[in-house]
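The report that follows is meant for someone meeting this structure for the first time. Please keep the sequence and the model in view while reading.

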Amino acid sequence: MAAARPKRVSSLTARVLTVSTLWAVIALIAVGLIINTLYRQGTERGFRELLRAHLYNVVNSVWINGEGELRGEPEFGDLRYSQPATGWYWVVEPIEGSNSPPKSSISLGGRSLDRPSPDEISFNALYERAYDVVDPFGNDIVVMETEVELNDEGRVARFRVTGNRDAVDGDVAEFTGRLTIALVIFGLASLVVNAGAILIGLRPLDSVRRALESIRTGKSSSLNDEFPCEIAPLAGEVNALIDTNRRVVERARMQVGNLAHSLKTPLAVLLNESKSMTSEHGDLVRNQAETMQRQVQTYLDRARIVAQSASILARTEAEPAFERLIRVMRRLSPNLSFELSVKPKGVWIALEQHDLEEIGGNLLDNAAKFARSRVKVSLTVGAVAPARPDDGPSDGWLTLVVEDDGPGLTSEQMAEAVKRGRRLDESKPGTGLGLSIVDEIAREYHGVLRLKKSSLGGLRAEVTLPAIQEATPRLRLRP
């Protein structure tokens, strides 16, 4: 048999926060990449425009004299052209009509620069071209080159100006670092604001959850808060469902009462008539009528229990109910000692008062029949639920224990004791329905009846039922 899949826990808040966070992260990364790319392109463009300006500064500053010698020195106002191996150089080389040696910046130190052929990188319409090379000192540089005719005699010179690519890369890296810090700060702030907006927006759903929990635990009878227009229809439907549930319970109560009233008189007539009949026939009719009475009462009680267990408003305070039962038992059995212990105080149980008293009364009556001198009753609330697969939700589980110091039962007798109409001791009065009724009521409320050996020596009857630890029956939620 395939293993059951674990139940998937889904949170609307977690979903919205996760999706919005992922979108914010993706959007910020995309924006960062776009901004960084645009900045690099702009920096590259500005870098080349700077080299072009320097190139024509050199063109305007250098000339050829009458002897064919190159003269002039450009003025950049930039120390990088006068410091060695910086990657910032200028070079002027005569190529036609002059045998003058080339002129270059101090930073180049008299060395030469590689240049691709015009076939590899062609000149543009302005007879300019730009390309990347590595200088003799290992720097990656960008070269801006042009060729100019210096006079009317056809003397042509090649002009080249270079710039170190580290300037561009360093500028872009610095900008990228600052941009990353700014986007991270902006992203974190946006996530905090977004999370706050989402949590505030979903707060009405949490209010609905708390209100429903209050209804389930009996602290409130309806959704009384004012909710946003998106949730108000849901609240209205829930209130309508509660009203329908209440009407069904009331209708069931009325029908149970009508049935009991309609059967009470005919059964009473049969019992009275049996008294005037002959002994044999009278006893037969009387026994059958009494059996009918018990059966009718049993099924009426069961119908009432089902109706009340389906209601979410069945609530009873446990301690006062058992105090009343024990006062009655002390009067009926003055020779016995009855003890009551309730922990914690103020426990409410999710049962109708009549059903709780039915359980307690049957268990106390059963214990009093067999106890020698002592009956002990304890009510405790804990988190341990009965071992049943169809248990409903509860704030906790109340464990009712009634034990006596009588002779007790064997394991086989305990199994027989909960069967309807089984009397293990015919010398004691009763119908044999007490423990079976307790078991039936407990099951209808998702509880469990267990019979064990008591530490007092007799029987220990233990019933686990859904409880509410807070004693406030109604709670008005704040808007």
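## Overall make-up

The chain is built with eight helices and 14 strands, and the model shown here is a predicted one. The chain has 479 residues, of which 38% count as buried. About 27,600 Å² of the chain is exposed, and carbon and sulfur atoms supply 56% of that area.

When contacts in the chain between residues at least 6 apart in sequence are considered, 66% of them join residues that are at least 24 apart.

## Aromatic pairs

Six aromatic pairs are found in the structure. In one of them, Tyr81 and Trp88, the ring centres are 6.0 Å apart and the planes stand at 80°, so this pair is edge-to-face, the cut-off for that class being over 60 degrees. Tyr81 and Trp88 are both buried, and ring pairs link these two residues with Phe47 and Phe76 into a cluster.

A stacked arrangement is found for Phe123 and Tyr127, whose rings lie 4.3 Å apart from centre to centre, with 5° between the planes. The two partners differ in how far they are covered: Phe123 has a relative accessibility of 16% and therefore counts as buried, because the limit for that class is under 20%, whereas Tyr127, with a relative accessible area of 39%, is partly exposed.

## From Tyr127 to Glu128

Tyr127 is placed in the loop between strand 4, which covers residues 103–104, and strand 5. The phi angle of Tyr127 is near 55°, which is a positive value in a residue other than glycine. Strand 5 covers residues 128–134, and Glu128 lies in it.

Is Glu128 buried or exposed? Glu128 counts as buried, because its relative accessibility is 5% and buried means under 20%. The side chain of Glu128 is joined to that of Arg52 by a polar contact of 3.0 Å. If neighbours within four places in sequence are left aside, the residues in contact with Glu128 are Arg52, Tyr56, Ser122, Phe123, Glu145 and Thr146; Phe123, one of these, is also the stacked partner of Tyr127.

## A loop residue with positive phi

Ala85 is another residue to look at for its backbone, since its phi is near 55°, a positive value in a residue other than glycine. The loop that holds Ala85 runs between strand 2, at residues 70–71, and strand 3, at residues 90–96. With a relative accessibility of 30%, Ala85 counts as partly exposed.

## A nonpolar patch on the surface

Where on the surface do Leu12, Val16 and Leu205 make a patch, and of what kind? Together, Leu12, Val16 and Leu205 make a nonpolar surface patch of about 220 Å². Leu12 is placed in helix 1, which covers residues 12–61.

The relative accessible area of Leu12 is 45%, so Leu12 is partly exposed, because that class lies between the limits of 20% for buried and 50% for exposed. A residue needs over 30% relative accessible area to belong to such a patch, and the 45% of Leu12 satisfies that condition.

Technical notes:
Residues numbered from 1 in each chain as written. Predicted model: local features only at pLDDT ≥ 70, side-chain atom pairs only at ≥ 80, totals over all residues. Heavy atoms only, no water. Patch = residues over 30% accessible without salt bridge, like charges linked within 9 Å, V, L, I, M, F, W, Y side chains within 5 Å. Areas by Shrake-Rupley, 256 points an atom, 1.4 Å probe, with all protein chains shown as cover. Salt bridge = Lys/Arg side-chain N within 4 Å of Asp/Glu carboxyl O. Helix = DSSP H or I, 4+ residues; strand = E, 2+ residues; numbered from the N terminus. Buried < 20%, exposed > 50% of the residue type's maximum accessible area, 1.4 Å probe, protein only. Polar contact = N/O pair within 3.5 Å; in protein donor to acceptor, adjacent residues only side chain to side chain. Contact = heavy atoms within 4.5 Å. Phe/Tyr/Trp six-rings, centres within 6.5 Å; stacked < 30°, edge-to-face > 60°.
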